Amino acid sequence: MAETILHRVAQGDITAVQDCLNKYGGLVWSLARRMSANTDDAEDAVQEIFIDVWKNAQRFDENQSSETTFIAMIARRRLIDRLRYAKRRISADSLEDIVNEPSNRADEELQTNIEAKDAARALNQLRPEQRQVLQLSIVQGLSHQEISDATGMPLGTVKTHARRGILQVREFLGMSSIEGMKGGTA
Amino acid sequence: MSEQEKEKMLELLSDKAVFGLTETELAELAELEKNFPEFSDESLELTQSLELSAATIGMMNLDTSEPMPAHLRTKIASNAEKYFALRKTEVAVSEPQAEKEDFQKTFAFEPKKSVWSWLGWAVAAAACMVLALNLYTTRTDKGDIAKITPTPTATPQIKLTATQEREQLLASAKDILRSNWGDLDPKKPQNMQGDVVWSNEKQKGFVRFSNLPVNDKTKETYQVWIFDENQKQPIDGGIFDANEAGEIIIPIDAKLKVQKPKMFAITVEKPGGVVVSPLEKVMAVAKVST
């Protein structure tokens with residue numbers, strides 16, 4: 001089996017850095033642009049994310065996920081941290097726009113990677129409220145409170161939908177290997 | 001761990017993956033993990049699987065066609081070089097102590113107390129004085145220096161490609177409008193893809209296409225149009241030809257100041273283009289979302 005880019009990074013192979021940037025630079029940049037307040041923030045975030053990628057490369061397990069998903073996970077962790085610290089707040093107007101945005105946008109055809117298609121299929125298995133909460137939180141980056149304000153759902157309900165939804169998605173994507181703490185997903 | 005504690009832990013781990021945790025919630029999770037170390041492996045694995053699930057959803061509706069700006073890429077590559085060099089040093093520093101001691105023992109320098117060592121220094125000092133004297137007597141005077149100073153040469157102007165110029169615009173403009181092209185006639189799918197980017201502030205933009213049919217230059221040309229809310233007629237954005245298969249990037253050459261663009265279009269016109277288009281043969285449109 002060919003050696004993955006992340007395994008080469010973990011071994012300190014500096015040539016793997018360029019390969020990693022070629023293959024995943026666009027993904028990380030797009031995630032950062034979507035979850036950052038402006039271009040400067042996005043640039044700072046991307047630099048931090050790639051340092052995290054170099055640091056965590058040795059943790060990558062190809063039996064658990066693809067490299068793409070692993071790198072997207074590292075990117076999300078960093079971007080969430082930055083969002084939390086920045087205490088970003090979205091205005092009520094833009095919230096309304098986001099909530100009213102149709103879930104199947106025209107740029108769906110741009111979802112060329114298999115992970116995004118899997119995610120779309122997984123989300124379609126969920127109840128509409130669960131799907132809405134996960135889309136608003138993960139794709140649009142809204143907090144519990146912001147989702148509650150925007151949709152009129154009580155805060156506790158938002159949390160429940162998020163939890164049950166993500167657990168179901170995990171099951172659907174075949175990422176659940178733990179029985180002990182699975183909890184209810186109905 | 002009680003059912004209630006399990007439930008709380010699951011809630012915190014799900015929240016961590018979906019929303020991220022506050023300082024208080026992180027402390028709460030750490031406390032639970034500390035009290036129930038037997039679940040720490042399980043918790044770690046569950047956290048990762050939930051985060052991977054969230055990351056998968058996070059890739060939905062993600063347009064990854066915009067490349068990372070070139071200057072950022074250079075910075076990251078340079079950071080990586082420093083990071084890997086530092087990591088190498090850290091590995092070297094953490095070599096076994098015994099090995100280091102052996103090295104030090106083998107190469108330890110005994111202090112020399114012999115008079116010959118002082119003689120060495122004296123010879124070196126004398127050599128320095130001779131060198132200084134030589135420099136003083138043979139130095140070129142300022143007039144001579146002025147004569148031999150090379151004439152400064154002009155820095156060569158590097159001509160950027162359209163791709164590089166587009167990347168530069170994306171990296172520098174703060175008001176980038178961007179929209180994807182859509183085929184107008186779904187009955188004739190041409191698998192045409194691409195986008196348009198525009199900055200009002202810089203009055204600069206680019207159209208990008210892949211699979212745009214190659215045109216017969218002797219008979220027709222492509223022309224870019226910008227529909228502006230403040231203009232009755234669409235603004236001419238310049239003409240171009242598609243000569244090659246693959247991706248083409250063309251700078252927009254707006255003939256009037258663009259104020260509030262709401263749509264871009266590509267039409268097929270006669271060679272040389274037209275001032276006002278009948279909009280009979282529209283190849284693609286890109287609506288600007290407001």
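## Working through chain B and its partner

Chain B has 8 helices and 9 strands; helices (H or I, at least four residues) and strands (E, at least two) are DSSP runs, numbered from the N terminus. This is a predicted model, where local features need pLDDT of at least 70, side-chain atom pairs count only at pLDDT 80 or more, and totals for chains, interfaces and linings use all residues. Residues are numbered from 1 along each chain as its sequence is written, while chains are lettered from A and ligands numbered from 1 in the order in which they are written.

**Exercise 1.** Check the length of helix α3 (residues 40-58) of chain B against the expected span.

*Solution.* Start with the rule: the expected span is 1.5 Å times one less than the number of residues. With 19 residues, α3(B) should span 27 Å. Now look at the end C-alpha atoms: they sit 26 Å apart, which agrees.

**Exercise 2.** Work out which helix of chain B gives the most to the side that touches chain A.

*Solution.* Begin with the contact itself (C-beta atoms, placed from the backbone, within 7 Å). The contact takes 63 residues from chain A and 47 from chain B. On the chain B side, α1 (3-18), α3 and α4 (70-93) each supply at least two residues. The winner is α3(B), with 13 residues. As for make-up, that side of chain B splits into 22 nonpolar, 10 polar and 15 charged residues. Here Ala, Val, Leu, Ile, Met, Phe, Trp, Tyr, Cys and Pro count as nonpolar, Asp, Glu, Lys and Arg as charged, and the others, Gly among them, as polar.

**Exercise 3.** Place strand β4 (residues 204-210) of chain B among its neighbours, and decide whether β4(B) is enclosed or not.

*Solution.* First, the pairing (two strands pair if DSSP finds at least two bridges between them). Strand β3 (residues 193-199) of chain B runs antiparallel to β4(B), with 7 bridges joining them; S199(B) has K204(B) as its bridge partner. The two strands make a hairpin with 4 residues between them, and Q203(B) in the turn has a positive phi of about 50°.

Next, β4(B) also pairs with strand β7 (residues 247-251) of chain B, antiparallel again, over 5 bridges. There, S210(B) stands opposite E247(B).

Last, burial: a residue is buried if 20 or more other C-beta atoms lie within 10 Å of its own, exposed if 12 or fewer, and partly exposed in between, with C-beta atoms placed from the backbone. In β4(B), 6 of the 7 residues are buried, so the strand is largely enclosed by the rest of the structure. For chain B as a whole, 24% of the 290 residues count as buried.

Notes: Contact = placed C-beta atoms within 7 Å.
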